[in-house]
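Work through the exercises below with the sequence and the 3D view at hand. Try each task before reading its solution.

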Amino acid sequence: MDTLSYKTISAKAETTQKDWVVIDATDQVLGRLCAKVAKILRGKYKPCYTPHVDCGDNVIIINADKVKLTGNKWDDREYLSYTGYPGGQRSATPRILMTKSLNKHIKAGMHPLYIKVVKGMLPKNRLGAQLIKNLHVYNGSEHPHAAQNPKVIDINTLK
């Protein structure tokens, strides 16, 4: 048997099949939900996973305002950001970020709490910046992506 004929197939951006997935966040723990969402965005549940290619699915999270945090994390946990100016370090709790998502000036689909949590679980390079654009989060049960025919999956069945 000729072992030199075996080739490792690496996925390319043109050959990947990207689907749309809807996830319901009702009564889910935030960190556990976002860890599975990061794996879906990355494409790790697919057999054609390639580390340097965007081969993951587009994820739509609905009912984002009904997520749970265990313990006192709504008020005790802090997320830091920096404006780039001296003395410009800002801190926000998950409760503050959740109330910011209700503001009208926030772009639809860009939930500050979920973006912050999932972005920390993605690669810190250009690929991670590209992957976070595939995440769309909505507080209610309606979303404007019905034309893409997304399939609903149960997040509890994934490992």
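Accessible areas here come from the Shrake-Rupley method with a 1.4 Å probe. With that method, the protein exposes about 10,200 Å². Carbon and sulfur atoms supply 53% of this area. The model is predicted.

**Exercise 1. Overall layout**

Task: List the helices and strands in chain order, and give the extent of the fold.

Solution.
- Step 1. Count the elements: there are five helices and six strands.
- Step 2. Read them from the N terminus: β-α-β-α-β-β-α-α-α-β-β.
- Step 3. Take the C-alpha trace along its principal axes: the span is about 65 × 40 × 30 Å.
- Step 4. Check burial: 40% of the 159 residues are buried.
- Step 5. Look at contacts between residues at least 6 apart in sequence: 68% of them join residues at least 24 apart.

**Exercise 2. The sheet**

Task: In what order do the four strands of the open sheet stand, and which of them are at the edges?

Solution.
- Step 1. The order is S5-S2-S1-S6, with parallel pairing.
- Step 2. S5 and S6 (151-152) are the edge strands. Each has a single partner, so one side of each lacks a neighbour in the sheet.
- Step 3. Now place the helix. H1 packs on the sheet and touches S1, S2 and S5. The direction of H1 makes about 155° with that of S2.
- Step 4. Count bridges around S2. S1 and S2 share five, in the parallel sense. S2 and S5 share three, also parallel.
- Step 5. Find the register at Val59. Its bridge partner in S1 is Val21. On the S5 side, Val59 stands opposite Leu135.

**Exercise 3. Strand S2, residue by residue**

Task: Which residues of S2 point one way, and which the other?

Solution.
- Step 1. In a regular strand, side chains alternate between the two faces of the sheet.
- Step 2. In S2, Asn58, Ile60 and Ile62 point one way. Val59 and Ile61 point the other way.
- Step 3. Burial covers both sets: five of the five residues in S2 are buried.
- Step 4. Examine the polar residue of the strand's start. Asn58 lies in S2, which runs over residues 58-62. The cut-off for burial is under 20% relative accessible area. Asn58 has 9%, so Asn58 counts as buried.
- Step 5. List its contacts beyond four places in sequence: Lys18, Asp19, Trp20, Val21 and Asn134.

**Exercise 4. The nonpolar cores**

Task: Which elements supply at least two residues each to the largest nonpolar core?

Solution.
- Step 1. This core has 32 residues. Val37, Tyr114, Val118 and Leu135 have the most contacts inside it.
- Step 2. The suppliers are S1 (20-24), H1 (30-42), S2, H3 (94-100), H4 (112-119), H5 (126-131) and S5 (135-137).
- Step 3. H1 gives the most, with seven residues.
- Step 4. Trace Leu135. Beyond four places in sequence, its contacts are Val37, Leu41, Val59, Ile61, Gly109, Tyr114, Ile115 and Val118.
- Step 5. Another core lies apart, with five residues. Among them are Trp20, Val22, Ile62 and Tyr138.

**Exercise 5. A histidine in a loop**

Task: Is His145 buried or exposed?

Solution.
- Step 1. Locate His145: it sits in the loop between S5 and S6.
- Step 2. Its relative accessible area is 12%, so His145 is buried.
- Step 3. Its side chain makes a polar contact with the side chain of Tyr138, at 2.7 Å.
- Step 4. Beyond four places in sequence, His145 touches Trp20, Ile60, His136, Tyr138 and Pro150.

How values were computed. Residues are numbered from 1 along each chain as its sequence is written. This is a predicted model: local features need pLDDT of at least 70, side-chain atom pairs count only at pLDDT 80 or more; totals for chains, interfaces and linings use all residues. Side-chain values use heavy atoms; hydrogens and water are left out. Buried means under 20% relative accessible area, exposed over 50%, partly exposed in between (1.4 Å probe, protein chains only). Contact means heavy atoms within 4.5 Å. A nonpolar core is a set of buried Ala, Val, Leu, Ile, Met, Phe, Trp, Tyr and Cys residues joined through side-chain atoms within 4.5 Å. Two strands pair if DSSP finds at least two bridges between them. Axes are lines fitted to C-alpha atoms, for helices over the stretch in contact, and angles run from 0 to 180 degrees between N-to-C directions. A polar contact is a pair of N or O atoms within 3.5 Å; within protein, one must be able to donate a hydrogen and the other to accept it, and residues adjacent in sequence count only if both atoms are side-chain atoms.
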